[in-house]
Structure formats: structure tokens, C-alpha cells
Amino acid sequence: MPAFTLNDAEIAYIDRGNGPNLVLLHGFPLDNRVWNDAIDFLENKFRVIAPDLRGFGRSVSNQTFSVESLADDIHQLLASIGALPCFLGGLSMGGYVALAFVKKYLSDLRGLALIDTKAASDSPEAKQGRQQMIDLVRDAGSKAIADQMFPKMIALQSVNSVAAQKLRSIMDACPPLTIEHALAAMRDRADYTALLPMLTIPILIVVGAEDAIASPDVARAMHAAAPGSSVAVIPEAGHMAPLENPRAFADAMIAELITHRG
Ligand code: MLT
């Protein structure tokens, strides 16, 4: 996997296929392997770039980060490998980073996909929950975080699937320090709800029909707030729609991208 060197980090990324640039940002506590199956269906039509955000997967960094600084990392990477302008998709935490990217680098975007994610910031209760998870990862490590999160990540029918096994092994492998940094970054992220009505780029909102973390109702509310957006509900999928049902996810992305490719 190629890697791009920043001042204080190395960013590994998948770069597959040919066509318009499609950039995919993974969620928490994950890495770019969540996209592999979907990329099999996308790479015939698009150049797909899927980075490991700093500290995740094969990207190397011990530094703290914010959602905004992750967006800056991605912008530097994409500028250096000639992948702008792009269509940008973010899964859950990756969606928070995508929204930060939209706010700062709108003119570099052809469109946006918000996947199993939300535009709102954390409630006071959610912020407290982040702090408890920071304490947990310090005391008990990454597997304790995976134990807590895993049941909410996928639809019930996916629990014994190959995708579920893959998800669990990715979660278990996420470095504890990265988990801590990401929890703080998500806790402190801005609220991007007010951004949605102002956007004129094409927006696709994708949600697993059984997403227990960013529900179809949350997706429909974002759709209502973003003029001209469309929404795709992915069947037989929970919070990890691209991993649980990669074919339906890829079909939704291809339909959207083809509509707006000009
Ligand atoms: C994710 O899947 O990236 C997380 O569920 C996001 C979050 O905890 O807010």
C-alpha cells in the first residue's frame, strides 16, 4: 500500500481503479479495510482512494488530532497525489471528517456522501460517554472498546458473517492511543448541522436500514436539511453498510456519481 509522508505522520492509502476521483474515509475504531469489498465493485468506474486516517491501520502517528486536522491531512494527501477535485464519502467518524473538509475545501469537491453518520455534534451525555471510553481504553485496551461497541455496529443478521469477523479483527487491532485521540477529537468536534442547507454540491446520504448509531431517521433529517440531496437506505445492513452490504452500497454510490459526473 502506498504511503504519503506528512511532517509528523505517514498516511497509508488504497489507490485503485481509473476514472473520476472517489475518496472514502473510514469510521472509528477502524481502517481502510472496511472499504475493500465495496471497492471491488467501484474500481471499474472510479479511481478510489481510501486512506487510513493518522494513527489508524497502517498510517503511523502518535500525535493528537482533531476532526479538522484529519481533514487537513487528507487534503494534503489528495493534493500531492493529484486526486482533486474529488467526490468525498465518509463513514460515521469519516463523515465528521468529510464535513470538516467540506467547510474548508468546498471548491475541491464534486460531491459528498454522508454514510451512516450525523452532522450534529455530541450531546453533553455523549461527551461524558466519550470520557468513560477514554478511561476504559486506558485501563483495559482496545478489545474492551470493541466489546462495548461491536454489538451496535452491525445488523443482527450480520452478527455471524465474514464481514462481522473482519470488523471485529479490525476493531481489536486499533492502537489504544489512537482510540484515545479519536474519542477526544469526536467529543470536541464542531456541529455541522448549519452547513447542510448552504451546500450546493450533490449530496448522497447513505444509511443502513438497521443502523443503531446513526439511524435512518437521522439520515432523513439530514436529507430534509440539505436541499437537492438524495438518500439511499441499504437493506440488510446496520452501521457498517459498506461492509455489510457492499454491492447495494456500491450501486447507490455509482448511481449518484454517474448522475453528477459532469
Ligand atoms: C464510528 O463508527 O465511526 C463511530 O460510531 C462514530 C462515533 O462514535 O460517533
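Is Ser92 buried or exposed? In this predicted model, Ser92 is buried, with a relative accessible area of 10%. The cut-off for that label is under 20%, so a value of 10% earns it. Ser92 sits in the loop between β5 and α3 (93–105), and it is also one of the residues around the ligand. Its backbone has a twist worth a look: phi of Ser92 is near 50°, a positive value in a residue other than glycine. Most residues other than glycine have a negative phi.

Now for the ligand itself. Which residues are around it? Going along the chain, they are Gly27, Phe28, Ser92, Met93, Tyr96, Arg130, Met149, Met186, Ile213 and His239. Sorted by class, this shell has six nonpolar residues, three polar ones and one charged one. Arginine counts as charged, so the charged member of the shell is Arg130. Three polar pairings with ligand oxygen can be picked out. A polar backbone atom of Met93 is 2.9 Å from an oxygen atom of the ligand. In the case of Arg130, a polar side-chain atom lies 2.8 Å from a ligand oxygen. His239 also uses its side chain, with an N or O atom 2.9 Å from an oxygen atom of the ligand. On its own, the ligand has 270 Å² of accessible area, and the protein covers 94% of that. As for where the ligand sits, the space it takes is the largest pocket.

The backbone holds some other oddities. Phe28, another residue around the ligand, is joined to Pro29 by a cis peptide bond, with omega about -10°. Pro29 belongs to the loop between β3 (21–25) and α1 (36–42). A second cis peptide bond runs from Leu84 to Pro85, this time with omega near 0°. Pro85 is in the loop between α2 (67–80) and β5 (86–91). Most peptide bonds are trans.

Asp116 has a positive phi too, near 45°, and is not a glycine either. Where in the chain is Asp116 found? Its place is the loop between β6 (109–115) and α4 (124–140). Asp116 is buried, with a relative accessible area of 0%. Ser123 is found in that loop between β6 and α4 as well, but Ser123 counts as partly exposed, at 32% relative accessibility. The reason is simple: buried means under 20% and exposed means over 50%, so 32% falls in between.

Some pairs of residues show how distance along the chain and distance in space go together in this fold. Ser123 and Arg187 are 64 residues apart along the chain, yet their C-alpha atoms are separated by 8.9 Å. Leu257 and Leu204 are 53 residues apart in sequence, with 9.2 Å between their C-alpha atoms. Leu257 lies in helix α10 (residues 246–259) and is buried, with a relative accessible area of 6%. How far apart in space are Ala219 and Leu109? From C-alpha to C-alpha the gap is 21 Å, for two residues that are 110 residues apart in sequence. Ala219 is part of helix α8 (residues 216–225), and at 3% relative accessibility it counts as buried.

Definitions and conventions: Residues numbered from 1 in each chain as written. Predicted model: local features only at pLDDT ≥ 70, side-chain atom pairs only at ≥ 80, totals over all residues. Heavy atoms only, no water. Near = heavy atom within 4 Å. Polar contact = N/O pair within 3.5 Å; in protein donor to acceptor, adjacent residues only side chain to side chain. Areas by Shrake-Rupley, 256 points an atom, 1.4 Å probe, with all protein chains shown as cover. 1 Å grid on protein atoms, 1.4 Å probe; cavity = no way out; pocket = protein on both sides within 12 Å on 5 of 7 lines; lining within 4 Å. Sits in = over half its atoms within 2 Å of the grid points. Helix = DSSP H or I, 4+ residues; strand = E, 2+ residues; numbered from the N terminus. Buried < 20%, exposed > 50% of the residue type's maximum accessible area, 1.4 Å probe, protein only.
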